[in-house]
Amino acid sequence: MESPLRPTRAVLALAAALILTLAGCSSEADDDAVATATTTASSLPESTTTGDVTTTTDAPFSGRTITIDLAEDELAVEGCEEPVARDTSIRLVVTLDQDDTIHVHGYEQEVEVRAGTPAVLDFQADLPGRWEIELHGLGEHICELTVEG
């Protein structure tokens, strides 16, 4: 006579395999989300790194690039002056002479910046309005991103 536990063990083994498979998929999706949300880079735009995730791309960026450079109390900002149409891809490229965090209000997007290492933040400008971009550590207003539409 066959033990009534054998089918239960088989079902449990199958369930465990399914859970491990789904957990593996979830982990990859989470890593991809982190990689696209906030990235720091040592060379732009070919290679970007977030934590342990490195993404390399040869495709040129098609959207609005806003560059922010702060060195010796001199701030240079390019690309933030003109409004953008709704759903424009935005790339912030930030280089600072000190560690800080750049934050885009309204979108609640931010990226940590290490002194001397360019940092990149890509996001979709899908919220119309005027949105402040600031340095958190210094409490410094950098510019306002205007999204039409």
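Start by selecting arginine 114 in this predicted model: with a relative accessibility of 44%, arginine 114 counts as partly exposed. Why not fully exposed? Because the exposed label needs over 50% relative accessible area, and buried means under 20%, the 44% of arginine 114 lands in the partly exposed class.

Keep arginine 114 on screen and add glutamate 112. The two form a salt bridge, and their closest N and O atoms sit 2.9 Å apart. Color glutamate 112 by accessibility if you like: its relative accessible area is 47%, so partly exposed is the label here too.

Now add aspartate 99. What does aspartate 99 form with arginine 114? It's another salt bridge, this time with 3.8 Å between the closest N and O atoms. If you're wondering about the cut-off, a salt bridge needs the side-chain nitrogen within 4 Å of the carboxyl oxygen, so the 3.8 Å pair qualifies. Zoom out a little to see where the two ends come from: arginine 114 is in the loop between strand S9 (109-113) and S10, while aspartate 99 is in the loop between S7 and strand S8 (100-104). The partners are 15 residues apart, and the pair links distant parts of the chain. As for aspartate 99 itself, 47% relative accessibility makes it partly exposed.

With those three selected together, you've got the whole group: Asp99, Glu112 and Arg114 are linked in a network of salt bridges.

Next stop, arginine 91. Which strand should you highlight to find it? Strand S7 is the one that holds arginine 91. Is arginine 91 buried or exposed? Buried, since its relative accessibility is 15% and the buried class covers anything under 20%.

Select aspartate 122 along with it. Aspartate 122 and arginine 91 form a salt bridge, and the closest N and O atoms are 2.8 Å apart. This pair also links distant parts of the chain: aspartate 122 belongs to strand S10 (residues 119-125), arginine 91 to strand S7 (residues 88-96), and the two are 31 residues apart. Switch on polar contacts and you'll find one of 2.8 Å joining the side chains of arginine 91 and aspartate 122. Unlike buried arginine 91, aspartate 122 counts as partly exposed, because its relative accessibility is 26%.

One last thing for your tally: how many salt bridges does the structure hold? Four, including the ones on this tour.

Conventions. Residues numbered from 1 in each chain as written. Predicted model: local features only at pLDDT ≥ 70, side-chain atom pairs only at ≥ 80, totals over all residues. Heavy atoms only, no water. Helix = DSSP H or I, 4+ residues; strand = E, 2+ residues; numbered from the N terminus. Buried < 20%, exposed > 50% of the residue type's maximum accessible area, 1.4 Å probe, protein only. Polar contact = N/O pair within 3.5 Å; in protein donor to acceptor, adjacent residues only side chain to side chain.
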